[in-house]
Amino acid sequence: MFLNSIKPAPGSKKPAKRVGRGIGSTLGKTCGTGHKGQKSRSGGYHKVGFEGGQMPIQRRLPKFGFTSRKKPYYAEVRLSELAPLAELNPIDIDVLKKHGVIAQQAKQVKIIQSGELKESVVLKGLKATKGAIKIIESVGGKVEA
């Protein structure tokens, strides 16, 4: 291969339109832009979304909502959901995934104070709220980092 033999892919380059070659070509005189008006002038065109001075639709409609991209990777687990897993100590993220408590794609888990816990559990590598830690430790469990 030589530099003088390199060519663009077939169909990627289109020949430029030759305008101003007589009225029979349909691109003569006004060169396909019609008579007068903003679109016929050189450099004359409006910005994207411009509606002739009318309030554009993107400004007429209200803004709403927000979707976090982190949501699928973050899970919250209630204390009541830990109760059936008490005999599987220590409980870590893999145990929760295996027993269907959290989604398979979850990467971060936090235990929240909701529901009751009567048996002691040992949490390994999971975060927990202050209230949840207090309840876990009151029934004889512990939270390891």
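This report describes the sheet, the nonpolar core and several local backbone and side-chain features of a predicted model.

The sheet is open and is formed by three strands in the order 1-2-4, with parallel pairing. Its edges are strand 1 and strand 4 (127–128), each of which pairs on one side only. Between strand 1 and strand 2 the parallel pairing extends over five bridges, and within strand 2 it is I111 that serves as the bridge partner of V77.

I111 also belongs to the largest nonpolar core, a set of 20 residues in which L82, I91, L96, V109, I111 and L123 have the most contacts inside the core. Two or more residues are given to this core by each of strand 1 (74–78), helix 2 (79–82), helix 3 (93–98), strand 2 (108–112) and helix 4 (130–138). What does L123 touch, when residues up to four places away in sequence are not counted? The partners of L123 on that count are L82, I91, I111, I136, K142, V143 and E144, and among them L82, I91 and I111 are also listed with the most contacts inside the core.

Helix 3 also holds K97, a residue that is buried yet has no salt bridge. The nearest side chain of opposite charge is that of D94, 5.2 Å away, and because a salt bridge requires the side-chain nitrogen and the carboxyl oxygen to lie within 4 Å, this pair does not count as one. Leaving aside neighbours within four places in sequence, K97 is in contact with I102, A103, Q104 and A106.

Some features of the backbone also deserve notice. Most residues other than glycine have a negative phi, and most peptide bonds are trans. Against that background, the peptide bond from N89 to P90 is cis, with omega near -10 degrees, and P90 itself is placed in the loop between helix 2 and helix 3. Two residues other than glycine, T26 and C31, have a positive phi, and the table sets out their values.

| Residue | Phi | Relative accessibility |
|---|---|---|
| T26 | near 65 degrees | 62% |
| C31 | about 60 degrees | 30% |

T26 lies in the segment before helix 1 (57–60), and the place of C31 is likewise in the segment before helix 1. T26 counts as exposed because its relative accessibility is 62%, where the cut-off for exposed is over 50%. C31, with a relative accessible area of 30%, is partly exposed.

Methods:
Residues numbered from 1 in each chain as written. Predicted model: local features only at pLDDT ≥ 70, side-chain atom pairs only at ≥ 80, totals over all residues. Heavy atoms only, no water. Core = buried A, V, L, I, M, F, W, Y, C linked by side-chain atoms within 4.5 Å. Buried < 20%, exposed > 50% of the residue type's maximum accessible area, 1.4 Å probe, protein only. Helix = DSSP H or I, 4+ residues; strand = E, 2+ residues; numbered from the N terminus. Contact = heavy atoms within 4.5 Å. Pairing = 2+ DSSP bridges. Lys, Arg positive; Asp, Glu negative; His and termini not counted.
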